[in-house]
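Reader: I would like a close look at one place where two helices meet, and then at how the rest of the model is put together around such places. Please keep to what can be checked on the coordinates.

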Amino acid sequence: MPAVSETIETVQSATEGAYKWGFHTDIEMDYAPKGLNEDIVRFISAKKNEPQWLLDWRLKAYRMWLKMEEPRWPAVSYPPIDYQDAYYYAAPSKAAPKSLADVDPELLRTYEKLGIPLKEQAWLAGVQPEEGEERERLPIAVDAVFDSVSVATTFKDRLAKEGIIFCSISEAVHNHPELVRQYLGTVVPQGDNFYAALNSAVFTDGSFVYIPKGVRCPMELSTYFRINAKSTGQFERTLIIAEEGSRVSYLEGCTAPMRDENQLHAAVVELVAMDDATIKYSTVQNWYPGDAEGRGGIYNFVTKRAHCRGARSKVSWTQVETGSAITWKYPSCVLLGDDSVGEFYSVAITNNRQQADTGTKMIHVGKRTRSTIVSKGISAGRGQNTYRGLVKVAPAAAGARNYTQCDSLLIGDQCGAHTVPYIENRCMTAKTEHEATTSRIADDQLFYCRQRGLSEEDAVGLIVNGFCREVLKELPMEFAVEAQKLLQISLEGSVG
Amino acid sequence: MTAMQQKGAEGFLHRYEGLRERLPGVRLPWVAALRDVAAVAFRASGLPTRRIEAWRYTDLRAVGEAGFDEALTSLEDGQDLPAMRGSARAVFLDGRFRADLSDLDGVGYAVGSLATELRKLEGRVGALARPEEQPLAALNTMLFEDGLVVTVPAGVEGGVLDLLSVASPTERPSAFHPRHLVRLEPGSSLTLIETATGPEDGRYLHNPVFEIEVGEGATLNHARLQQEGPRAFQLSTVYARVAAGGTYDNFTLNAGGQLVRNEIHTALVGPGGACHMNGAQLLGPGQHADTTTFLDHAAPDCASRQTYKTVLSSKSRGVFQGKILVRRPAQRTDGYQMNQTLFLSPDAEIDSKPQLEIYADDVKCSHGATVGELDAEQLFYLRARGIPGERARAMLVEAFLTEAVEGVSDPVARGALEAAVTGWWSRQMKDAA
């Protein structure tokens, strides 16, 4: 199959080319000393002027972390991480700007290079409004995180009018301490796992969203995370609370500049949905994956979990994972409320020497709870891609329903695709279904497309897009554009 | 390791120390070496605990607590042996071969007892078993006394061989660890129907290990009817290696026992090999049965099919773990695995973990898993046509199991399985009434 080897070569040349967004911005940093101990935790807390209860909370997490072991069960391998050889606090040295105009111009230039939609009108200018309808384009509110501190929050007024709180979590600690205290750590407790404990001890910033009762958030909320300072682990903490009958769609995306050292990223995301509330959480993750030999790249060890606490509440996770050297991520739903719904849609791509071990957990507790899992894994180069998921049905979850579909696509003969689902059912009236397939792009599919005049690259793009379609259609339109771009960058001409 | 597992492991090690000079093959250096290496492995691992991923859903604490003695072999009056199905039969009582109860005359292949033939079996015992990886295989290697040895010469059609394993009634818990060796030379065939039974009230551990070699173009049908006594532990491990163009069919029925583990490791090592692994777990009150399969596609152009069905009635727990590994050279692999569970009672539990690990790109691999109860609409449909409720339920359960039983190609083996399934169902109905 000469065409195959040719395309593999093309992929290699495409992916070995310089990382498109691999530039580096120099901004004066304010570092905490290297390493991790109780003093560093106190330093972070003091730096952020936190109340005593939060410092105590962090210290408790730190002490738990000391006794915990790094998980070894994921199907990923990497050299041991020296947690004492990293900085745990790095913030732009100037005071947080009040508006976009105050933002360090260098930072704005960085965003411009990234095409981040701070000016998303321009970004979307090419999109035609629907026929016969002059619809007002809803803007996206951006809480941009540059390294560890939130530096720009837009559209605040508009959101405030609705009673919505959208700010950095450090701001929330000062302005809405009762809410933060009530919910922080209730979904992902400090001692949940090794990385969550680490995050709880040293988290520097992240987003806080509160949607009051009955409010439908008028715009997509968006955060762009970036990792910028050399040797700075990033530990975001995001907390989203949707009160009864409210709705919110939250977008999270990230790109990172090229660098040589592995960087640790251990975020925690907590979602709480009350009666009839809906949270849609979408992620496009495109951190630096390392070079073709697997040097550098981000270690992405993330804990994301949602509590569907209310009846008829709904949480939908959608993720497109194209970046990072190692991804360890299981966005989960605990379906507590009767008739609550959990969804997980995922596309994960591993190329070169990337490794991904990702999936979800759906824990059915309430009656007639429903969950859907659709996972698409694409492995190319020497990538290793694992779906790992758990569907657990408690005895009380009468009439619960789960449908799981995991498909893997292999590109080239040096990669691996793995599926590890766990199904634990203790309820007679519950119904669970799981199916998984593994295949490659068939020669006849390629032949069919090429015969009709498509170039090999377009044909592959078409087929891969079709393979991921069920997931991509779940993304908000603004994100779908970027996601498709990323798929192309990750796999350009890559298939045989 | 929990205290109980520790204690249980020490009991077995202690037994090994005591029996070492009396076990078969003690004067054969290679046997002594195998046993000693296994003892070192078992001392390090102990009885597996739930902290080990492969044992996540099956707890061996009860085995650790039991404190087993040597089996005092005897057959009580009135303890009938099941009827013969094939042209030949080998009977093992408490893991020891009984020539007086067996009927092996006139078979066209070599068959005998491991204890008797051990000195001729260097290189065959331990060829496939992995005591360093599976603690129960280590336990077996340490303590095996006997087993079945079958060698079917090239081109010979071996017909049907019955392997009967019977546990005798004992006051104190007993344990036996038979090692069975089956070799099919190129182009030969055999149907091996294995039945394991034991007394109604006896507590015993049956820990067999099979080492099965299927030669080029050979076919082995291996039907296993596990109908141990209701207080028994059966922890069995099957290792099979299939050469080019060979076929290994395994069907395992788990109907008896209190705590059962059926672990199968099959490797397809030659091009064009095939493997069918099917099974049914029919579980009643308090039973725990675990089927764990590992299918290793190591050569190109092989096909594998697995269908496992579990029916759960009250307070029972079923476990299925099935892993398919496709190695890099195993291009054009066609792998399929289905695992389905039917709940008949609200207080049962199923844990299912199908798993794919794939390193070759030109493959077709899929697995599926479903869990549910009897379909109310189907029941209604049957009852609307005048079929009584219990009969309708029986029909639907039977239909549910058909797909797995259908995969058994040998008619004798299939008949035996169907009879066992029917027997289980009528016992359930009797108990329910």
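Reader: Which are α10(A) and α11(A) to each other, oblique or roughly parallel?

Author: This is a predicted model, in which local features need pLDDT of at least 70 and side-chain atom pairs count only at 80 or more, while totals for chains, interfaces and linings use all residues. Residues are numbered from 1 along each chain as its sequence is written, chains are lettered from A and ligands numbered from 1 in the order written.

α10(A) and α11(A) are oblique to each other (not under 35 degrees, over 145 or from 65 to 115). Helix α10 covers residues 443-451 of chain A, and its axis makes an angle of about 125° with that of α11(A), the axes being 9 Å apart (lines fitted to C-alpha atoms over the stretch in contact; angles from 0 to 180 degrees between N-to-C directions). Their crossing is right-handed (the near helix turned clockwise from the far one by less than a right angle; left-handed if anticlockwise). From α10(A), the contact (C-beta atoms, placed from the backbone, within 7 Å) uses Gln445(A), Leu446(A), Cys449(A) and Arg450(A). α11(A) answers with Glu456(A), Ala459(A), Leu462(A) and Ile463(A).

In the largest nonpolar core (buried Ala, Val, Leu, Ile, Met, Phe, Trp, Tyr and Cys joined through C-beta atoms within 7 Å), there are 235 residues, and those touching the most other members are Val209(A), Ala242(A), Leu271(A), Ala273(A), Ile279(A) and Leu417(B). Helix α11, residues 456-472 of chain A, gives the most to this core, seven residues. On the side of chain B, Leu417(B) touches Ala223(B), Leu225(B), Phe251(B), Leu253(B), Val405(B) and Val408(B), leaving out residues up to four places away in sequence.

A second helix pair, in chain B, can be set beside this one. Helices α2 (residues 29-45) and α5 (residues 135-143) of chain B pack at about 140°, with axes 8 Å apart. That angle makes α2(B) oblique to α5(B). The crossing of α2(B) and α5(B) is left-handed. Among the residues making the contact are Leu34(B), Ala38(B) and Phe42(B) of α2(B), and Pro135(B), Leu139(B) and Met142(B) of α5(B).

Back in chain A, there are twelve helices and 24 strands (DSSP runs of H or I, at least four residues, or E, at least two, numbered from the N terminus). Of its 496 residues, 56% are buried (20 or more other C-beta atoms within 10 Å; exposed with 12 or fewer, partly exposed in between).

Helix α2(A), residues 38-47, has Ile40(A), Val41(A), Ile44(A) and Ser45(A) as its buried residues. They span an arc of only 135° around the axis (taken from the directions to the C-beta atoms), which places them on the same side of α2(A). The face turned away carries exposed Asp39(A) and Ala46(A). Cover for the buried residues includes α3 (52-67) and α9 (194-202) of chain A. Just past α2(A), Asn49(A) has a positive phi of about 55°.

A loop residue and a helix residue complete the view. Thr360(A), in the loop between β18 (355-358) and β19 (361-364) of chain A, is buried, with 28 other C-beta atoms within 10 Å. Its contacts include Trp317(A), Tyr330(A), Phe344(A) and Ile373(A). Ala480(A) belongs to helix α12 (residues 477-491) of chain A and is partly exposed, with 17 other C-beta atoms within 10 Å. Apart from neighbours within four places in sequence, Ala480(A) is in contact with Leu472(A) and Leu475(A).

Note on methods. Contact = placed C-beta atoms within 7 Å.
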